[in-house]
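Please describe how the strands of this chain are arranged, and what surrounds its buried charged side chains and its cysteines.

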Amino acid sequence: VQLQASGGGLVQAGGSLRLSCAASGRTLSSYAMAWFRQAPGKEREFVAVINWSRYDTYYADSVKGRFTISRDNAKNTVYLQMSSLKSEDTAVYYCAARVGLSTSGGDYDYWGQGTQVTVSS
């Protein structure tokens with residue numbers, strides 16, 4: 001599975017961004033797709049995950065109610081709609097894939113290259 005993340009950028013606090021992760025390489029019907037992020041000097045942390053075939057979603061408490069993960073099966077693409085952005089959301093965002101849901105980055109087999117999100121206050 002190859003993953004290509006895009007959509008990052010610079011946004012003011014309170015603004016919105018939508019990240020995309022395009023997947024290719026094999027059938028993704030049994031894969032879960034997740035977003036993780038890593039801020040400078042901090043460990044990578046889980047953001048959100050969606051099961052490709054069952055629409056199950058889970059979010060980190062820090063983003064619940066502000067971020068929405070979704071997917072377009074026809075385009076093999078997962079999205080992360082981010083709203084009410086805060087300075088603490090500044091990080092490199094990575095998409096990842098594995099068979100079965102997990103919120104642990106160590107469980108994921110495939111990773112995208114990351115896209116920078118910078119929120120100015």
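## Strand pairing around β9

Strand β4 (residues 31-38) pairs with strand β9 (residues 91-99) in the antiparallel sense, over eight bridges. Strands here are DSSP runs (E, at least two residues) and helices are DSSP runs too (H or I, at least four residues), both numbered from the N terminus; two strands pair if DSSP finds at least two bridges between them. The model is predicted, so local features need pLDDT of at least 70 and side-chain atom pairs count only at pLDDT 80 or more, while totals for chains, interfaces and linings use all residues. Residues are numbered from 1 along each chain as its sequence is written, and side-chain values use heavy atoms, with hydrogens and water left out.

Within the pairing of β4 and β9, A32 has R98 of β9 as its bridge partner. Strand β9 is also joined to strand β11 (residues 115-120) by three bridges, and these two run antiparallel. There, Y93 stands opposite T115 of β11. Two further bridges pair β9 with strand β10 (residues 110-111), again in the antiparallel sense, and A96 stands opposite W111 of β10.

## The open sheet

An open sheet is formed by four strands in the order β1-β3-β8-β7, with antiparallel pairing. Its edge strands are β1 (2-6) and β7, each of which pairs on one side only. On average, neighbouring strands of this sheet are turned by 15 degrees against each other, direction ignored; the axes are lines fitted to C-alpha atoms (for helices over the stretch in contact), and angles run from 0 to 180 degrees between N-to-C directions. Six bridges pair β7 with strand β8 (residues 77-82) in the antiparallel sense, and S70 has Y79 of β8 as its bridge partner. Strands of a sheet pair through backbone hydrogen bonds, either parallel or antiparallel.

## Nonpolar core

The largest nonpolar core has 38 residues, and those with the most contacts inside it are M33, W35, L80, M82 and Y93. Such a core is a set of buried Ala, Val, Leu, Ile, Met, Phe, Trp, Tyr and Cys residues joined through side-chain atoms within 4.5 Å. The elements giving two or more residues to this core are β1, β3 (17-24), β4, β5 (45-51), β7, β8, β9 and β11. Strand β4 supplies the largest share, six residues. In soluble globular proteins, nonpolar side chains tend to be buried together.

Not counting residues up to four places away in sequence, M82 touches G15, S16, L17, L19, R66, F67, Y93 and V117; contact means heavy atoms within 4.5 Å.

## R66, R37 and D89

R66 lies in the loop between β6 (57-59) and β7 (67-72). Its relative accessible area is 12%, and R66 therefore counts as buried (under 20% relative accessible area; exposed is over 50% and partly exposed in between, with a 1.4 Å probe and protein chains only). R37 is found in strand β4 and is also buried, at a relative accessible area of 5%.

Both arginines make polar contacts with the side chain of D89. A polar contact is a pair of N or O atoms within 3.5 Å; within protein, one must be able to donate a hydrogen and the other to accept it, and residues adjacent in sequence count only if both atoms are side-chain atoms.

| Side chain | Partner | Distance |
|---|---|---|
| R66 | D89 side chain | 2.8 Å |
| R66 | S84 backbone oxygen | 2.9 Å |
| R37 | D89 side chain | 2.9 Å |
| R37 | Y93 side chain | 2.9 Å |

The C-alpha atoms of R66 and S84 are separated by 6.1 Å, although the two are 18 residues apart along the chain. Leaving aside neighbours within four places in sequence, the contacts of R66 include Q81, M82, L85 and K86. On the same basis, R37 has contacts including E43, E45, V63, F67 and A91.

## The disulfide

How many disulfides does the count come to? There is one, taking a disulfide as a pair of cysteine sulfur atoms within 2.5 Å. C21 and C95 form this link, with their sulfur atoms 2.2 Å apart. The link is right-handed, with 65 degrees about the S-S bond. It joins distant parts of the chain, C21 in strand β3 and C95 in strand β9, 74 residues apart. C21 is buried, with a relative accessible area of 1%, and C95 is buried at 1% relative accessibility. A disulfide is a covalent bond between the sulfur atoms of two cysteines.
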